Amino acid sequence: MDWKDFAHWGAEAARWAAEYHDTLRERPVRAQVAPGEILAQLPQAPPEDAEPVAAIFDDFKRVIVPGMTHWQHPRFFAYFPANAAPVSAFAEVLVNAMAAQCMLWQTSPAATELETRMMDWLRQATGLPQAFTGVIQDSASTATLAAVLAMRERALGFAGNKDGLPGQARLRVYASAEVHSSVDRAVRYAGIGQDNLVRVPVAGDLRGMDPEALRRMIAEDRAAGFLPAGIVAAVGGTGVGATDPLEQVAAIARDKGLFLHVDAAWAGAAMICPEHRALWAGVEHADSVVFNPHKWLGAQFDCSAHFLRDPDALVRTLAMKPEYLRTVGQKGARDYSDWSIPLGRRFRALKLWFLIRAHGLAGLRQMIRDHVRWSRELAARLARQPGFEIVTEPVLSLFAFRYAPEDAPDPDALTLSLLEAINDDGRIYLTHTRLDGAMVLRFQAGAFTMTAEDVDVAFQAIRDCAAGLGR
Ligand SMILES: *Cc1c(COP(=O)(O)O)cnc(C)c1O
């Protein structure tokens, strides 16, 4: 294929994409294949001779598509959404065509300057104060790793990068058990060590960390010779939407001189609606905040918005310029590779520009408000069904429930059987988590194209599958 052929095949791809999305509701959400089924259809050895694109494309449709779980399905209620609005997918085609590396200002001035402007649009849209500046990272995991590295270096007076960690005071990072596993990974990769991630107990309906316990644990660690470095707070945790009381946690961080990173990977998108901002009240005092426009907002993966109240600690920690990357005569230009772990950077700002302009903030707010309302309605409906128990009330559009009729000998096993029945049925897709030892199913409404009827189908699918268990 050369670029002249691309005009033909690009049009074919666009036609296929439109039809694929048009028929998604007829497809099972979760792939219905057995392990090894796709592998068995793939030739064991690579081809020696060139094959026609038409044959490759046919095999894609025949072999690959049936083995996909359809993340853009309107009835994808599992995990969190990974929405790709059509207009953001369109922008990605343009980005792919140029395939620029956007690491330095001069390697693509438009990409850098659009990124600066888009991050400020998102800052305004989510109500963050003007003091915050931002960078687009590939994922929340990377943003959190960057933040934990910055917290480590700030605590060590920037000696860790230079001298290494042996001989330094033993660092401590504080988080509840409800934070995402990317926090554990960041603490490991930063050389702080899993044992120095201190778990602060949670309290209340929102399962937020107990500020008094946090304060006490920091004091005890100091007295024992540890060096408390920072706190990672959750807003809308992955399991059941656990949210830390940021106002109080931030006051402790300030008081003790600790770096505060807020992980709002999923929930941050909802902050474009002013009525949801109470959930992260106090966020303005954080040092670092991440949320993923690639989850709920509709910017195709990958696109993670990372805000910093003062980028200095991050840039001092991550920036490194060998001679071949030094640019001459461009003082004051921002080189975003100084703000992130990889050197190479995709042009991620374009899809945000297209998305925000094509839908408007009002359109995106409407989507989020619909999802939150539909989720609450479904929770209320399920609560009235015999045997169903709402375990956590909706946080934004996420709630957890279980199927535990009074006479069920093993509600955990029954709830898991219900999950399997639902996902085999294919009309909807749900995932589970464990909460205080009990098995619960999660429901989140967040698919870009879902409608009220899809929630109705969800209710019917859950009810039908429960009835099918013969209880
Ligand atoms: C999804 C999620 C992450 C991880 O996001 P990636 O962008 O896939 O790294 C981290 N934290 C929370 C709360 C999440 O929901």
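Start at Ser141, where an N or O atom of the side chain sits 2.5 Å from an oxygen atom of the ligand. Keep in mind as you look around that this is a predicted model. Two further polar approaches to the ligand are worth picking out. Asp263 brings a polar side-chain atom to 2.6 Å from a ligand nitrogen, while Thr238 has one at 3.3 Å from a ligand oxygen. How much of the ligand's own accessible area does the protein cover? On its own the ligand has 380 Å² of accessible area, and the protein covers 86% of that.

Now zoom out a little to the residues around the ligand. Besides Ser141, Thr238 and Asp263, the surrounding set includes Ser139 and Ala140, then His180 and Ser182, and also Asn292 and His294. Phe80, Ala265 and Lys295 belong to that set too, and those three give us a handy route to the next stop.

That stop is Lys295. The UniProt record, an unreviewed entry, places the feature "modified residue: N6-(pyridoxal phosphate)lysine" at Lys295. In the model, Lys295 is part of helix α10, which covers residues 293-297. Is Lys295 buried or exposed? Its relative accessibility is 17%, and buried means under 20%, so Lys295 counts as buried. Who does it touch, once residues up to four places away in sequence are set aside? Lys295 is in contact with Phe80, Pro81, Ala82 and Asn83, and also with Ala265 and Trp266. Of these, Phe80 and Ala265 also turn up among the residues surrounding the ligand.

Next, head over to helix α4, residues 109-125, and find Thr112 there. With a relative accessible area of just 3%, Thr112 falls under the 20% limit and is therefore buried. Leaving out neighbours within four places in sequence, Thr112 is in contact with Leu104 and Trp105, and with Arg334 and Tyr336 as well.

Tyr336 takes us on to Val315. Counting C-alpha to C-alpha, Val315 and Tyr336 are 9.3 Å apart in space, with their positions 21 residues apart in sequence. Val315 is in helix α11, which runs over residues 312-318. Its relative accessibility is 23%, and since the partly exposed range lies between 20% and 50%, Val315 counts as partly exposed. Skipping residues up to four places away in sequence, Val315 touches Asp338 and Trp339.

Key. Residues are numbered from 1 along each chain as its sequence is written. This is a predicted model: local features need pLDDT of at least 70, side-chain atom pairs count only at pLDDT 80 or more; totals for chains, interfaces and linings use all residues. Side-chain values use heavy atoms; hydrogens and water are left out. UniProt positions are given in the numbering used here, feature names are shortened, and annotations may be inferred rather than shown by experiment. Helices (H or I, at least four residues) and strands (E, at least two) are DSSP runs, numbered from the N terminus. Buried means under 20% relative accessible area, exposed over 50%, partly exposed in between (1.4 Å probe, protein chains only). Contact means heavy atoms within 4.5 Å. A residue is near a molecule or strand if one of its heavy atoms lies within 4 Å of it. A polar contact is a pair of N or O atoms within 3.5 Å; within protein, one must be able to donate a hydrogen and the other to accept it, and residues adjacent in sequence count only if both atoms are side-chain atoms. Accessible areas come from the Shrake-Rupley method with a 1.4 Å probe; for residues, only the protein chains shown count as cover.
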